[in-house]
Amino acid sequence: MRIARFASGGDPQYGIVELPEDGGDHPNTVAVLTGDPIAMPVQLTGERKELDGVRLLAPVIPRSKIVAVGKNYALHAAEMGGEVPEIPLVFFKPNTSVIGPGESIIYPEATRELSYEGELAVVIGRICKEVPVSRVAEVIFGYTVANDVTARDLQRSDGQWARAKGYDTFCPLGPWITTHQSLEEVSALSIRTTVDGELRQDGNTRDLVRSIPDLVAYISSFTTLLPGDVILTGTPAGVGPMLVGQEVSIEIEGIGTLLNPVASAAGPSESEAGQ
Ligand code: MG
């Protein structure tokens, strides 16, 4: 099931996305739900909308936090000039960094090195603490695609990463949350990032050094996870720059494609203003 959060005029709504590959009678539609399925049982209103006629929003606004994991693919750790850390390297991104599909990533004036990081994101479905590896599947609501946008120069200069990873718009999520996939089913998914159509990252979740169960067990050993919290599982090799005016697309097999343009914080340049 694909759970989307969308707008079509009024307040955000939730719905089940129905695609042609599902083989149903209503391809490319959204079956509207009565409310947030993370907070309440899935219940259809009976209304359907054309997928093209709605604006998809970030499928979840994390209730308390995004916990991200650094250097969790060996080749990415190597390209950053190091090895996979012995103790998992985790950091927080604020929930105010979240944007949805199609929304602009704003290039801050303080950085000269804005980078994409395509990642599989885990959406937590239940309040939980100290989850044993064997019970992690019970606390996962579903999976989505994330871009762990990073100001690489600020990451190097600041030491702490709150700014380098935490600007508004630095956590695109979407296009929807896929549910009812087993941990086995998400353990070997291709993850590909393109910039203006050019392939930059071509990884696979089978190369995660620490698995999703290991990560959820570790993170929940020190912090309570709430329904709607999001865990970013790390990025494969191939990180690099994205520039104002470019479009970044991250596709994860079986989940979906998240596309965001990059825009300038300074607003349109003088030459663009008259167009
Ligand atoms: Mg990352």
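**A magnesium site and a two-domain protein**

In sequence, the donor residues of the magnesium ion follow the spacing E-x1-E-x28-D. Keep that pattern in mind as we walk through this structure, which is a predicted model.

Let us put names to those letters. The magnesium ion is coordinated by Glu117 and Glu119, each through OE, and by Asp148 through OD, at 2.0 to 2.1 Å. Where along the chain do Glu117 and Asp148 sit? Glu117 belongs to the loop between β10 (114-116) and β11 (118-124), while Asp148 belongs to the loop between β12 (140-147) and β13 (150-151). The two are 31 residues apart, and the pair links distant parts of the chain. If you look for further ligands around the ion, remember that water is not among the atoms, so the site may look incomplete.

Now step back to the overall layout. The protein is divided into domain 1, residues 2-56, and domain 2, residues 66-273. Their C-alpha centres lie 25 Å apart. Eight residues from domain 1 and twelve residues from domain 2 take part in the contact.

How much area is buried between domain 1 and domain 2? The value is about 820 Å², and carbon and sulfur atoms give 74% of that area. On the domain 1 side, three residues are worth finding in the viewer: Ile3, Ile38 and Leu56 supply 66% of the area that domain 1 buries against domain 2, more than any other three residues.

What about polar links across this interface? The count of salt bridges between domain 1 and domain 2 is zero, and one residue pair is found in polar contact, with both residues at pLDDT 80 or more. Strand β1 (residues 2-7) brings three residues to the side of domain 1 that touches domain 2, the largest share of that side. By residue class, this side of domain 1 has seven nonpolar residues, no polar ones and one charged residue.

Finally, two backbone details deserve a look. The peptide bond from Gly174 to Pro175 is cis, with omega near 5°. Pro175 itself lies in strand β14, which spans residues 171-178. The other detail is Thr169, found in the loop between α3 (162-166) and β14. Phi of Thr169 is near 80°, a positive value in a residue other than glycine.

How values were computed: Residues numbered from 1 in each chain as written. Predicted model: local features only at pLDDT ≥ 70, side-chain atom pairs only at ≥ 80, totals over all residues. Heavy atoms only, no water. Domains from an automatic or database assignment. Contact = heavy atoms within 4.5 Å. Buried area = accessible area lost by both parts, 1.4 Å probe. Salt bridge = Lys/Arg side-chain N within 4 Å of Asp/Glu carboxyl O. Polar contact = N/O pair within 3.5 Å; in protein donor to acceptor, adjacent residues only side chain to side chain. Helix = DSSP H or I, 4+ residues; strand = E, 2+ residues; numbered from the N terminus. Nonpolar A, V, L, I, M, F, W, Y, C, P; charged D, E, K, R; others polar. Donors = N, O, S within 2.8 Å, 3.2 Å for Na, K, Ca; no water.
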